[in-house]
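Reader: I'm new to this one, so could you take me through a single part of it up close? I'd like to look at one pocket and then at what is packed inside the protein.

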Amino acid sequence: MDKRVTELAEKVEAKLKEKFAKIDRTALTNTERLLEIYRENRVSANMFAGTSGYGYDDLGRDTFEKIFAEAMGTEKAIVRNNFVNGTHAIATAMFACLRPGDILLAATGVPYDTLQSAIGLTGDYPGSMKYYGVGYDEVPLFENGEPDLETIKAKAADKRVKCVEIQRSRGYANRPTLSVQKIGEICDIVHAVNPEAKVVVDNCYGEFVQEIEPTMVGADLVAGSLIKNPGGGLIATGGYVAGKAELVDAAAMRLSVPGIGGECGSYEGGYRLHFQGFMNAPHIVAQALKTVIFCAGMLEELGYKASPASGEERYDIIQSVELGKPELLEKFCRGIQFASPVDSYVTPIPWDMPGYEDQVIMAAGTFVQGASIELSCDGPMREPYTAFMQGGLNYELGKLGVMNAIDMLLK
Ligand SMILES: *Cc1c(COP(=O)(O)O)cnc(C)c1O
């Protein structure tokens, strides 16, 4: 590796000392909170056993869901491998709050790409909200990415609005991530003007970044993916919905079938990795945060624009960097791939992907396929050639990935 890279790494790490210490404190607080919950629920190896068939009275599943709900500071949760991904869990949560004739209000601009077909904004699929006669309205974010509270208040007052969606993380959009405190403000506004409306938060990439979760500040439901933050890198698939018991039950009826709800659903693979991954999640999130902040710091030193900047407050684990040239985006992704413990010999190349306007390049050498809590990086091949990077199961591996990517940039 180029000596400039190793020297720069030392300099950047020294600068980030305070930041890293703050991340460690958050991880400690969240770990302590989880430990207390594990102890109170008397977690024990007999809960790790798998089940088969219908899965009635599945001790591991039921205990894990209770723990998950308590960690989110709320009443109930369904945490299932039967959710195929985060999109499925989030859409299920929204469906639980909506009937024909109701309106879904997106409070923070258009929802994440993959949710758009579930709503009926793209494609024309049977079973979408539009198909069932659910209307849609939207409050765009301000130019600076802040939510437009006045317009949210005005639109949420419409009594036909029964569900208000908030996206916590920036995802792959050019907007800042919302703090949990800001989400709480939106919840208060919505509930004040329309007590019937439920607030559903797309919680992806935000879990355990702060010491509180949206369900602690007024959100009725949160939903997300288990191959991101809450799985701690160990849970192999699935999603979760947590919040008010009545709504979680409605989501369970939608996930399986009315009358059965969450009572069925077995998992022969067993739950050890669920309990273990979730317990580790606050620590793993800290590792991912350090990795992306280190990346931002390194690239800033080299004159690139990182968002958020290395010194900025963080509310999710996503980092974007403008590399400015197609060949630099390609080199950066190749460096990340090269330093991955899995598929290091593979060369990422830009490709046409379904659902994307431009070619996309993706680097991901992950143990769990597509797990973006593991170090991964991608970007659309268009101006300003921005790389979106996230994850890192441990800081050492993340740091090496970033250093290799930068080494590749300098070549
Ligand atoms: C990842 C993500 C989702 C869900 O994505 P899946 O790939 O379906 O798990 C939804 N919203 C945001 C903001 C995300 O980052």
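**The second largest pocket and the nonpolar cores**

Author: Let's start with the lining of the second largest pocket, where helix α3 gives the largest share, six residues. Keep in mind that this is a predicted model. The pocket itself holds about 300 Å³ of space. There are 19 residues along its lining, and D62, E65, K76, G262 and E263 are the ones closest to the centre. Besides α3 (59–71), two other elements each give two or more residues to that lining: β1 (76–80) and α8 (245–255). What kinds of residues are they? Eleven are charged, six are nonpolar and two are polar.

Now for the nonpolar side of things. The largest nonpolar core is made up of 89 residues. Inside this core, the residues with the most contacts are F68, F278, F294, M298, F332 and M389. Helix α9, running over residues 272–301, supplies the largest share of the core, 16 residues. Two domains take part, with at least three residues drawn from each: domain 1 (3–29 + 281–410) and domain 2 (49–270).

Zoom in on F294 for a moment. Leaving aside residues up to four places away in sequence, F294 touches A9, V12, E13, L16 and F20, and also Y395, K399, V402 and M403. Apart from the largest core lies another one, of 28 residues, with F95, L221, A223 and A251 among them.

Technical notes
Residues are numbered from 1 along each chain as its sequence is written. This is a predicted model: local features need pLDDT of at least 70, side-chain atom pairs count only at pLDDT 80 or more; totals for chains, interfaces and linings use all residues. Side-chain values use heavy atoms; hydrogens and water are left out. On a 1 Å grid over the protein atoms alone, a cavity is a set of points where a 1.4 Å probe fits but cannot get out, and a pocket is an open set with protein on both sides within 12 Å along at least five of seven lines; lining residues have an atom within 4 Å of a point. Grid points are joined across faces, edges and corners, and a volume is the space filled by probe spheres set on the points. Helices (H or I, at least four residues) and strands (E, at least two) are DSSP runs, numbered from the N terminus. Ala, Val, Leu, Ile, Met, Phe, Trp, Tyr, Cys and Pro count as nonpolar, Asp, Glu, Lys and Arg as charged, and the others, Gly among them, as polar. A nonpolar core is a set of buried Ala, Val, Leu, Ile, Met, Phe, Trp, Tyr and Cys residues joined through side-chain atoms within 4.5 Å. Buried means under 20% relative accessible area, exposed over 50%, partly exposed in between (1.4 Å probe, protein chains only). Domain bounds come from an automatic or database domain assignment. Contact means heavy atoms within 4.5 Å.
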